[in-house]
Amino acid sequence: MTPVIGIVTCGFEGNRQFVTDSYISAVCRAGGCPVLLPCVEDEEQKLMEVMAACCHGFLFCGGGDITPFLLDRPPLSPSGETDIKTDIFQILFLKYVLTMTKPVLAICRGMQVMNAACGGELLQDLSLREEPVLNHMQRSRLRSDFCHTVSFKKDSMLYNIFGENTAVNSFHHQAVLTPGRRLQVTAQAPDGIPEALEMEGHPFALGVQWHPECMTRSLNMRRLFLAFVEAAKKLDPTEIS
């Protein structure tokens with residue numbers, strides 16, 4: 001079976017919605033069939049239900065900042081563009097799909113959306129942290145270049161994929177401050193910034209703060225997408241309409 005992976009669009013550029021090609025390519029290389037899921041206005045969740053029923057798994061991508069107002073916080077940082085329409089759809093849709101057992105992989109902004117959907121708090125800018133931090137917004141010629149290492153918590157899904165640690169890229173200025181309900185921090189950067197979240201009691205719901213889709217030349221990063229697609233293959237057939 002080739003599982004259908006719903007890739008939620010990253011956001012809007014003018015009057016168009018977009019997904020960066022590297023996400024599509026990473027799903028294809030792992031054996032999944034990518035289908036793009038647009039951000040829509042759906043107060044009654046009818047369209048979300050249809051979208052979710054058509055897919056075996058869901059990929060939430062990187063993008064802009066989450067609007068602080070939606071998290072009941074004042075804006076504290078001038079950095080980062082926001083788009084409240086995209087925020088509302090992605091948070092609501094992620095809440096909905098997390099009620100299912102279908103696998104979810106959330107990348108960079110996607111991990112922050114997962115945390116927000118579960119009631120967690122975000123650090124709006126790393127400069128607001130009292131402790132010293134690494135430069136998590138690397139300036140490299142290639143997005144596949146390494147920036148720093150991350151260490152994984154034992155007995156986590158990511159530990160089973162990567163082992164104790166691995167090298168990653170980094171393109172973010174926000175971070176998870178307080179994990180949301182049922183979410184555990186299972187990876188950290190050397191400065192203590194959370195680099196991954198996993199949901200307790202869910203067969204495969206995890207977020208990573210780096211961009212593995214840009215690093216699929218690395219066997220480790222291919223393993224992450226292979227594990228995600230394999231989890232979608234193992235889905236109970238009764239969960240697909």
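Let's start at Leu-158: setting aside its neighbours within four places in sequence, Leu-158 is in contact with Phe-152, Gly-163, Thr-186, Ala-196, Glu-198, Leu-206, Val-208 and Leu-224. Please keep in mind along the way that this is a predicted model.

Leu-158 is a good entry point to the interior. The largest nonpolar core has 33 residues, and Leu-158 is listed with Leu-59 and Trp-210 as having the most contacts inside it. Several elements give two or more residues to this core: the strands are E1 (4-8), E6 (104-107), E8 (148-152) and E13 (205-208), and the helices are H1 (21-29), H5 (157-162) and H6 (219-233). Of these contributions, the largest share is that of H6, with 6 residues. As a general background, nonpolar side chains in soluble globular proteins tend to be buried together.

Apart from that core lies another one, made of 32 residues, and Phe-58, Ile-91, Val-97 and Met-114 are among them. Two of these names will come back shortly, since Ile-91 belongs to H3 and Met-114 to H4 in the helix contact described next.

Let's turn to that pair of helices. Two packed helices are described by the angle between their axes and the distance between the axes. For H3 (residues 84-97) and H4 (residues 109-117), the packing angle is about 65° and the axes are 9 Å apart. H3 and H4 are therefore roughly perpendicular to each other, and H3 passes H4 in a right-handed crossing. Where do the two helices meet? On the H3 side the residues are Thr-86, Asp-87, Gln-90, Ile-91, Leu-94 and Lys-95, and they face Arg-109, Gly-110, Val-113, Met-114, Ala-116 and Ala-117 of H4. Sorted by class, this contact of H3 with H4 comprises 6 nonpolar, 3 polar and 3 charged residues.

H4 deserves a longer look. Is this helix largely enclosed or largely open to the outside? Because 9 of its 9 residues are buried, H4 is largely enclosed by the rest of the structure. The buried residues run from Arg-109 and Gly-110 through Met-111, Gln-112, Val-113, Met-114 and Asn-115 to Ala-116 and Ala-117.

Asn-115 shows what this looks like for a single residue of helix H4. Its relative accessible area is 0%, so Asn-115 counts as buried. Leaving aside neighbours within four places in sequence, Asn-115 is in contact with Gly-120, Glu-121, Leu-122, Val-176, Thr-178, Pro-179, Gly-180, Leu-183 and Leu-197. Just after H4, Gly-119 takes a positive phi of about 85°.

That brings us to backbone angles. Most residues other than glycine have a negative phi, and two residues of this model are worth checking against that background. One is Gln-45, with a phi near 65°, a positive value in a residue other than glycine. Gln-45 sits in the loop between E4 and H2, and it counts as partly exposed because its relative accessibility is 25%. The other is Arg-182, again not a glycine, whose positive phi is near 70°. Arg-182 lies in the loop between strand E10 (175-178) and strand E11 (183-188); at 42% relative accessibility, this residue too counts as partly exposed.

From Gln-45 it is a short step along the chain to helix H2 (residues 46-53), where Met-48, Met-51, Ala-52 and Ala-53 are buried. The cover over these buried residues includes strand E4 (33-37), strand E5 (57-60) and H3. So how does H2 pack against H3, at what angle and with what distance between the axes? The angle is about 55°, and the axes are 10 Å apart. H2 and H3 are therefore oblique to each other, and their crossing is right-handed. In this contact, Met-48, Glu-49, Met-51 and Ala-52 of H2 meet Phe-89, Leu-92, Phe-93, Tyr-96 and Val-97 of H3. By class, the contact of H2 with H3 has 8 nonpolar residues, no polar ones and 1 charged.

Our last stop is Cys-55, in the loop between H2 and E5. With a relative accessibility of 2%, Cys-55 counts as buried. Between Cys-55 and Phe-146 there are 32 Å in space, C-alpha to C-alpha, and the two are 91 residues apart in sequence.

Technical notes. Residues numbered from 1 in each chain as written. Predicted model: local features only at pLDDT ≥ 70, side-chain atom pairs only at ≥ 80, totals over all residues. Heavy atoms only, no water. Axes fitted to C-alpha atoms, helices over the stretch in contact; angles between N-to-C directions. Helix = DSSP H or I, 4+ residues; strand = E, 2+ residues; numbered from the N terminus. Parallel < 35°, antiparallel > 145°, perpendicular 65-115°, else oblique. Left-handed = near helix turned anticlockwise from the far one by under 90°. Contact = heavy atoms within 4.5 Å. Nonpolar A, V, L, I, M, F, W, Y, C, P; charged D, E, K, R; others polar. Core = buried A, V, L, I, M, F, W, Y, C linked by side-chain atoms within 4.5 Å. Buried < 20%, exposed > 50% of the residue type's maximum accessible area, 1.4 Å probe, protein only.
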